[in-house]
Amino acid sequence: MADRDTLNPQYPRPPFQTQTQQPPGLDSKMIPEPDHGEKSYRGNGRLKGKCALITGGDSGIGRAVAIAYAREGANVVINYLPEEESDAKSAIEVMKAEGVKAVAIPGDLRDENFCHSLIEQTVEQLGKLDILVNNAGRQQYCESLEDLTTEAFDATFKTNVYAAFWLTKAALRHLKAGASIINTTSVQAFKPSPILVDYAQTKACLVALTKSLAKQLGPRGIRVNAVAPGPYWSVLQTSGGQPQEKVEQFGADAPLGRPGQPVEIAPLYVLFASDECSYASGQVWCSDGGTGTL
Ligand code: NAD
Ligand code: MG
């Protein structure tokens with residue numbers, strides 16, 4: 001058997017250092033810092049002239065998608081929570097270096113009015129909207145259903161499900177034929193873990209949303225797809241998404257023996273959004289290090 005380290009020598013593998021942050025946490029404080037493609041992603045003009053809104057674009061998967069979109073020639077708005085300002089600022093700097101328009105709009109997606117205003121502000125800033133990436137997410141593990149509070153359940157559903165509904169609904173007045181909606185679901189929608197009862201349900205909701213909206217919006221020329229990540233090295237996991245002992249061994253169960261880095265999943269979001277992929281709608285593409293979830 002080939003030494004697995006020779007396959008991807010640049011990417012870290014478990015065990016990882018114990019580390020905790022209060023949610024939502026900062027990517028810049030993770031050890032090691034995730035790879036969002038700052039130095040590694042190369043664009044090919046696949047999204048030239050397109051305008052995108054990416055929620056949770058400050059860190060993790062959303063940041064990698066934002067950087068990739070900018071390198072592919074798109075103008076990008078990212079949304080995030082105010083306490084993530086420093087991650088957002090550095091993401092914007094990387095994007096602006098590509099010569100595209102990159103705008104940061106902070107705000108809490110659990111507020112319906114804010115979701116509406118985010119879409120309107122995006123169109124004001126960029127002039128149009130072609131790609132909506134519903135990527136923001138809340139994941140807080142809870143060992144027992146008896147300890148899962150209504151407040152926590154509600155916060156997970158508001159962030160992961162309601163926000164996608166509100167943003168998509170508000171975006172529809174602006175999306176034209178050729179536009180694309182991409183939702184970040186999870187392997188949790190298909191193989192839910194016992195300690196992520198609320199989170200896993202929201203990700204299953206997003207799969208159903210993707211598939212039903214693809215049917216509803218197909219006749220308007222709007223494609224709707226989803227990406228289902230397996231274990232990716234992001235601050236979501238180290239700020240309450242997993243217990244510490246799981247953080248230390250994060251990704252160890254995957255056949256590739258390590259978690260994915262955000263840059264490794266960005267190409268799926270690029271392809272879904274590009275005109276080259278114009279017949280793909282209602283799809284869920286998974287990237288899980290060989291586990292074979294989908
Ligand atoms: P992340 O913490 O870097 O990104 C999540 C983002 O969600 C945060 O940066 C934050 O800006 C945003 N967010 C959370 N609550 C918000 C709110 N109320 N209002 C506005 N924004 C809010 O972590 P990530 O792992 O990159 O997560 C991105 C997406 O990927 C999430 O939907 C997550 O569920 C999904 N996902 C991640 C993994 C993984 O292993 N990392 C696996 C499957 C799915
Ligand atoms: Mg963040």
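This passage walks through the charged pairs, cysteines, cis peptide bonds and surface charges of the structure shown above. The structure is a predicted model, in which local features need pLDDT of at least 70, side-chain atom pairs count only at pLDDT 80 or more, and totals for chains, interfaces and linings use all residues. Residues are numbered from 1 along each chain as its sequence is written, chains are lettered from A and ligands numbered from 1 in the order in which they are written, and side-chain values use heavy atoms, with hydrogens and water left out.

Salt bridges make a good starting point. Side chains of opposite charge can pair when their charged atoms come close. Here a salt bridge is a side-chain nitrogen of Lys or Arg within 4 Å of a carboxyl oxygen of Asp or Glu. Across the whole structure, the search finds nine salt bridges. One of them pairs R63 with E38, with 2.9 Å between the closest N and O atoms. This pair links distant parts of the chain, 25 residues apart: R63 sits in helix α2 (residues 60–71), and E38 in the loop between α1 (4–7) and β1 (51–55). Helices (H or I, at least four residues) and strands (E, at least two) are DSSP runs, numbered from the N terminus.

How open each partner is can be described by its relative accessible area: buried means under 20%, exposed over 50%, and partly exposed in between (1.4 Å probe, protein chains only). R63 is buried, because its relative accessible area is 6%, whereas E38, at 25%, counts as partly exposed. A second salt bridge joins D130 and K128 at 3.1 Å, N to O. Of these partners, D130 is buried at 16% relative accessibility, while K128 is partly exposed at 36%. E264 and R258 also meet through their side chains, in a salt bridge of 2.8 Å from N to O. Here R258 is buried, with a value of 4%, and E264 is partly exposed, with a value of 26%.

The cysteines come next. A disulfide is a covalent bond between the sulfur atoms of two cysteines. In the search, a disulfide is a pair of cysteine sulfur atoms within 2.5 Å, and by this rule the count comes to zero. Why does C115 not form such a bond? The closest cysteine sulfur, in C205, is 16 Å from the sulfur of C115, which is too far for a bond. C142 is also too far from its closest cysteine sulfur, again in C205, because the sulfurs are 18 Å apart. C115 is buried, with a relative accessible area of 0%, and C142 is buried as well, at 17%.

The loop between α1 and β1 also holds P24 and P32. A cis peptide bond joins P23 and P24, with omega about 5 degrees. Another cis peptide bond joins I31 and P32, where omega is about -10 degrees. A further proline, P255, lies in the loop between α8 and α9 (266–273). P255 is partly exposed, at 44% relative accessibility. The C-alpha atoms of P255 and G292 are separated by 9.4 Å, although these residues are 37 residues apart along the chain.

Finally, the surface carries a patch of negative charge, where E143, E146, D147 and E245 gather. Such patches are made of residues with over 30% relative accessible area and no salt bridge, with like charges joined within 9 Å and nonpolar side chains (Val, Leu, Ile, Met, Phe, Trp, Tyr) within 5 Å. Accessible areas come from the Shrake-Rupley method with a 1.4 Å probe; for residues, only the protein chains shown count as cover. Within this patch, E245 belongs to helix α8 (residues 244–248). E245 counts as exposed because its relative accessibility is 53%.

How values were computed: Lys, Arg positive; Asp, Glu negative; His and termini not counted. Charge placed at Lys NZ, Arg CZ, Asp CG, Glu CD.
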